[in-house]
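Trainee: Could we go through this structure together? I would like to begin with the overall picture and then turn to particular elements.

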Amino acid sequence: MSTTITPIILPAPIEWSTKEAAATTHIENLATILAKPANKQNYIAALAELSVEAFIPNRSKSIVKFWYPYLIGESSLEDFFTAWLTYTPTPASPGKYIEYWDYLVNTTSGLLLANDESFKPWFTAFLNFHGDWINSTSSTGTLDEWMQYKGTTAHPFNINDYEVPEGGFKSFNQFFLRNLKPGQRPLCSKGNPEEVIVAPCDGGIFYLNHADQGKSIEELKNTAYKLPGKSDHFDLKDALPGYGSHFIGGDLLDILLWFTDYHHFHAPVSGTIVHQGMYHGSYNYDFGDYDPKDFYAPNLPKDSDQVGWYEKLGKHQRYVWIINTEKFGLVAMVAIGFWGVGSIINAIEEKGDQKPTVEQGQYMGHFGYGGSSIVLAFNKDVDIDFKVDGHEVKGANEPTLMKVRQCLGKLI
């Protein structure tokens, strides 16, 4: 059984000067894209749509205020992306420009702009340039704040849990991928390990679906589950190509990781990995750009404007593992990247025809910088009691905080 966590080698930082000129030129190219009449119209219309939200209860007035200078022409979209390009997250506002963009792009007209055939590849390349900044030696300006940060009730943080390299972190990306100190996040030791599920990551966990054990498969026609605060749904079959039907009606849990969380993930159970693979899906807001070599990826109509950072959770870039276990049968674990995540790193290697095995608590990989989520799916005939430190796991409006490798569930 895996009792310790093996640290990863932190990514080598780069010099921003090697990327700066190309990144600046790339942002300047946005003017040509916005010169296209339809794009210009959709950009202005999106700003106008967003301005109306100032009159909608519970909407963010600060977001509307931020975009007003753009509406009246005092600021340009090039100004926005120039500021975002070299923004290093702070404890007070880790998702600053991501949040601003999220509001604008999810208006009716913003969706049309995001799906424009010239804007989509431009935006993907921009995110890659921003990733270069985060991985550069120039991105350390906010690290002193993070080192002093004590977290919040909803998102606790203690730098003393982590290893700080001699001489400090050399990029924000190194800080983001920090390793735990020896002895942190001990492995759950309660009960028979074969009948226990441990937390695969840090974060807030909640049910997307409670096992429908009283219903037959014939009654469970719907494989889409409502997402928190949304009218939209998580589609199980989209998220787990080929295997989704096996988990219809079973416990389905989502764990959202915040910027303060340890962004490595570990095996929730012991077993044999019968399937694993990356599904490229979307890169942030682009849900029509699927890998043509992936025959599981659904194709959206050419005139589709359906995008969103969370409502299409199962279609984001994701890595899927299907684990065969002794007591729980098949267990699905899905690492999902959104909000500009550049990579999902899988550490489980396959060797020839031999299926790899994992031990409960074993390191399985990590996320690159950005928003991240882990989904766990179980068969409906398996009766599991999910609790974290005595607290029952609840619905989407009441996430339960947990730490990786903590006791999460047990077979009843």
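Trainee: How much of the protein is buried?

Mentor: This is a predicted model, and buried residues account for 52% of the 412 residues in the protein.

Trainee: And what about the exposed area?

Mentor: The protein exposes about 18600 Å², and carbon and sulfur atoms supply 50% of that area.

Trainee: Which secondary structure elements does the protein have?

Mentor: There are eleven helices and 17 strands. As for contacts between residues at least 6 apart in sequence, 76% of them join residues at least 24 apart.

Trainee: Let us take the strands. What is the order in the open sheet of four strands?

Mentor: The order is S1-S17-S14-S15, and the pairing is antiparallel. Strand S1 (196–198) and strand S15 (391–392) are at the edges with a single partner strand each, so each has one side without a neighbour in the sheet.

Trainee: How many bridges join S1 to S17?

Mentor: Three bridges join S1 to strand S17, residues 407–411, and the two run antiparallel. Ile197, for example, has Gly409 in S17 as its bridge partner.

Trainee: Moving on to S5, is that strand mostly covered or mostly open?

Mentor: Strand S5, residues 252–257, is mostly covered, with five of its six residues buried. Strand S2 (residues 203–209) is joined to S5 by five bridges, and these strands run antiparallel.

Trainee: Which residue in S5 is the bridge partner of Phe206?

Mentor: The partner of Phe206 is Asp254.

Trainee: Now the helices. Why is H6 described as largely enclosed?

Mentor: Helix H6 spans residues 96–105, and seven of its ten residues are buried, so the rest of the structure largely encloses it. The buried residues are Tyr97, Ile98, Tyr100, Trp101, Asp102, Leu104 and Val105.

Trainee: What do those buried residues pack against?

Mentor: The buried residues of H6 pack against five helices, namely helix H3 (37–52), helix H4 (61–71), helix H5 (77–85), helix H7 (108–114) and helix H8 (119–134).

Trainee: One residue of H5 interests me: is Ala83 buried or partly exposed?

Mentor: Ala83, which lies in helix H5, has 31% relative accessibility and therefore counts as partly exposed. The cut-off for buried is under 20% relative accessible area, and exposed means over 50%.

Trainee: What separation do the C-alpha atoms of Ala83 and Tyr97 have?

Mentor: Their C-alpha atoms are separated by 8.4 Å, and the two residues are 14 residues apart along the chain. Tyr97 is one of the buried residues of H6, whereas Ala83 is partly exposed.

Notes. Residues numbered from 1 in each chain as written. Predicted model: local features only at pLDDT ≥ 70, side-chain atom pairs only at ≥ 80, totals over all residues. Heavy atoms only, no water. Buried < 20%, exposed > 50% of the residue type's maximum accessible area, 1.4 Å probe, protein only. Contact = heavy atoms within 4.5 Å. Areas by Shrake-Rupley, 256 points an atom, 1.4 Å probe, with all protein chains shown as cover. Pairing = 2+ DSSP bridges.
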